[in-house]
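Trainee: Could you take one part of this model and walk me through it closely? I'd like to see how a single strand sits among its neighbours.

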Amino acid sequence: MPYFFWLERPTTAPRFLHRVATNPPELPPQLLPSTGSASFVGADKPTVGGLVVPAGIRSFQKASPFSKRSRMYTLLSGLYKYMFRRDEYCILILGLDNAGKTTFLEQTKTRFNKNYKGMSLSKITTTVGLNIGTIDVGKARLMFWDLGGQEELQSLWDKYYAESHGVIYVIDSTDEERLSETKRAFEKMITSEALEGVPILVLANKQDVETCLSIPDIKTAFSDCINKIGKRDCLTQACSALTGKGVNEGIEWMVKCVVRNIHRPPRQKDIT
Ligand code: G3D
């Protein structure tokens, strides 16, 4: 690659400048640009041809057609990276066992990934361990971690909190008996410091079942959690992971929240 000068790597230099800080390639002498030497006016202002050499430049080789090409290359590669880069967000799917977490993940993958042939939703069995899945929504890539909800597995949830950008908490609206158990798990989760400011989507799942608890019923049961939610985005969404009702709305809401949450910036990955 053509080069035009070497830089020391000042920690504050913009990232693209580091590209030219590498050793020059070995070129045949006829292709090498003629070398100029820096002259110094005053104690700390080196100049070349009347131009002040920016701080951080140790040795200088006269600008040549190589420098233009190099800058063009840097600009184009920056543009390429900007256009073909995705912001990656990690989303935890939590909730008690049998709440419908895996069914929700499969339904989401089927809806948001063209060509994805999911397994038959009615054949999904309860999560033991970890299921993962990825979807792309615009420039955002959501990576889901569906964690097992059995009591002994709940102690593993907090190992994932620091890395996560959002939480989808799934409640089985047909299981009134376990409502207080799921509320306890929810309360423990939202009071974790490692999740501070992380948006939470509460899915009242299995709304296709006629006898299920309604959204107001669930909100009433969870009412004393409200002041523990703190300053974060939180939405309760009616959903049926089986039929897909409410799935798109929930995911779109989550994407909006994680993108605007400046406290947890995304990881950036080139599109592959
Ligand atoms: P989990 O991953 O949270 O443990 P699963 O839960 O996704 O394995 O779902 C547990 C059971 O609930 C499954 O039934 C699944 O079909 C059912 N289920 C999940 N979502 C819904 C829903 O929206 N509506 C209804 N009616 N059922 C749902 P089985 O019979 O396989 O245990």
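**A close look at strand S10**

Mentor: Let's start wide: of the 272 residues in the chain, 24% are buried, meaning that 20 or more other C-beta atoms lie within 10 Å of a residue's own, with exposed standing for 12 or fewer, partly exposed for anything in between, and C-beta atoms placed from the backbone. Keep in mind that this is a predicted model, where local features need pLDDT of at least 70 and side-chain atom pairs count only at pLDDT 80 or more, while totals for chains, interfaces and linings use all residues. Numbering runs from 1 along each chain as its sequence is written.

The chain has seven helices and 12 strands; these are DSSP runs numbered from the N terminus, with helices (H or I) of at least four residues and strands (E) of at least two. Take contacts, which here means C-beta atoms, placed from the backbone, within 7 Å: among those between residues at least 6 apart in sequence, 75% join residues at least 24 apart.

Now for S10 itself. Six of its six residues are buried, so the strand is largely enclosed by the rest of the structure. In a regular strand, side chains alternate between the two faces of the sheet. Here both faces are covered, with Ile200, Val202 and Ala204 buried on one side and Leu201, Leu203 and Asn205 buried on the other.

On to the strands beside it (two strands pair if DSSP finds at least two bridges between them). S9, residues 166-172, runs parallel to S10 and is joined to it by six bridges, and Val170 is the residue opposite Leu203. To get from S9 to S10 the chain passes through helix H4 (residues 179-190), in a right-handed β-α-β crossover; right-handed means that, with the strands pointing away from the viewer, the path from the first strand over the helix to the second runs clockwise. S11, residues 234-238, is also parallel to S10, through five bridges, and there Ala204 stands opposite Ala238.

That connecting helix deserves a stop. Thr182, Phe186 and Met189 are buried in H4. Looking down the axis of H4, the buried residues fall within an arc of 60° (taken from the directions from the helix axis to the C-beta atoms), so they line one face of the helix. S6 and S9 are among what covers them. Turned away from that buried side, H4 carries the exposed Ser180, Glu181, Arg184 and Lys188.

Back to Leu203, which is worth clicking on. Leaving aside neighbours within four places in sequence, its contacts are Phe104, Ile168, Tyr169, Val170, Ile171, Gln237, Cys239 and Gly250. The largest nonpolar core (buried Ala, Val, Leu, Ile, Met, Phe, Trp, Tyr and Cys residues joined through C-beta atoms within 7 Å) has 37 residues, and Leu203 is listed with Ile93, Ile168 and Tyr169 as touching the most other members. Elements giving two or more residues to this core are S6, H2, S8 (140-147), S9, H4, S10 and H7 (247-260).

One last thing, just past the end of the strand. Most residues other than glycine have a negative phi. Lys206, though not a glycine, has a positive phi of about 70°. Lys206 belongs to the loop between S10 (200-205) and helix H5 (215-221), and is buried, with 25 other C-beta atoms within 10 Å.

Methods:
Two residues are in contact if their C-beta atoms, placed from the backbone, lie within 7 Å.
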